Amino acid sequence: MSTATATYPPPPPYYRLYKDYLQDPKSAPEPPPHIEGTYVLFGSNYTTDDVLPNLEEQGVRQLYPKGPNVDFKKELRALNRELQLHILELADVLVERPSQYARRVEEISLIFKNLHHLLNSLRPHQARATLIHILELQIQRRKQAIEDIKRRREEAQKLLKEALGTLEGQ
């Protein structure tokens with residue numbers, strides 16, 4: 001049986017670079033440098049820039065206004081209403097003219113892509129709000145723990161005073 005099809009193939013050969021790690025942790029090689037810019041992975045190009053590409057770059061027509069001052073709530077509602085209308089029209093077309101459904105499906109697909117892009121635009125805000133919520137919960141838990149410690153300390157001091165009073169009274 002070859003090593004490529006073995007149930008438990010041997011480890012890759014670079015494990016030998018770490019053989020003296022327990023005795024001397026500095027003997028291990030440095031990790032590879034961070035990748036900056038674009039890179040190829042499994043034949044596809046990727047980038048380390050965390051930027052949401054606009055719809056035109058993806059070859060999709062944008063159905064909502066461009067610019068930084070987009071009212072997301074209003075636009076999402078408008079696109080949702082338009083989606084509902086197009087789905088009803090698709091049902092009507094499928095009943096009356098089944099051969100003409102392709103254009104309606106493309107329009108629905110365009111609306112979904114715009115909805116998806118708008119929602120993805122809100123991801124950084126969602127991440128920030130989630131982080132703030134988590135931090136607030138941590139602060140609340142720590143304050144409760146401090147109050148619990150203070151309460152138990154006071155109880156212990158009270159019990160200690162009672163025990164000392166009992167011992168002194170004997």
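## Strand pairing

Two strands are said to pair if DSSP finds at least two bridges between them. In this predicted model, strand β1, which covers residues 38-41, is joined by four bridges to strand β2, which covers residues 44-47, and the two strands run antiparallel.

The individual partners can be followed along the chain: leucine 41 has serine 44 of β2 as its bridge partner, while threonine 38 is partnered by threonine 47, also in β2. Together β1 and β2 form a hairpin in which two residues lie between the strands, and in that turn phenylalanine 42 has a positive phi of about 50 degrees.

## Packing of α1 and α2

Two packed helices are described by the angle between their axes and by the distance between those axes. For α1 and helix α2, the latter made of residues 101-121, the angle is about 160 degrees and the axes are 9 Å apart. Because angles over 145 degrees count as roughly antiparallel, α1 is roughly antiparallel to α2.

The crossing of α1 and α2 is, in addition, left-handed. When the residues of the contact of α1 with α2 are sorted by kind, 16 are nonpolar, four are polar and five are charged.

## Glutamate 82 in helix α1

Glutamate 82 belongs to helix α1, which spans residues 72-96. Is this residue buried, exposed or partly exposed? Its relative accessible area is 31%, and since partly exposed residues fall between the limits of 20% for buried and 50% for exposed, glutamate 82 counts as partly exposed.

If the neighbours within four places in sequence are left aside, glutamate 82 is in contact with Leu63 and Ile111. With respect to glutamate 168, which is 86 residues away along the chain, the C-alpha atom of glutamate 82 is separated by 84 Å from the C-alpha atom of that residue.

## Leucine 167 in helix α3

Leucine 167 is found in helix α3, a helix that runs over residues 123-169. Its relative accessibility is 59%, and because a value over 50% counts as exposed, leucine 167 is placed in the exposed group.

How many residues along the chain lie between the positions of leucine 167 and aspartate 20, and what separates their C-alpha atoms? The two residues are 147 residues apart along the chain, and the separation of their C-alpha atoms is 63 Å.

Definitions and conventions
Residues are numbered from 1 along each chain as its sequence is written. This is a predicted model: local features need pLDDT of at least 70, side-chain atom pairs count only at pLDDT 80 or more; totals for chains, interfaces and linings use all residues. Side-chain values use heavy atoms; hydrogens and water are left out. Buried means under 20% relative accessible area, exposed over 50%, partly exposed in between (1.4 Å probe, protein chains only). Contact means heavy atoms within 4.5 Å. Axes are lines fitted to C-alpha atoms, for helices over the stretch in contact, and angles run from 0 to 180 degrees between N-to-C directions. Angles under 35 degrees count as roughly parallel, over 145 as roughly antiparallel, 65 to 115 as roughly perpendicular and the rest as oblique. A crossing is left-handed if the near helix is turned anticlockwise from the far one by less than a right angle, and right-handed if clockwise. Ala, Val, Leu, Ile, Met, Phe, Trp, Tyr, Cys and Pro count as nonpolar, Asp, Glu, Lys and Arg as charged, and the others, Gly among them, as polar.
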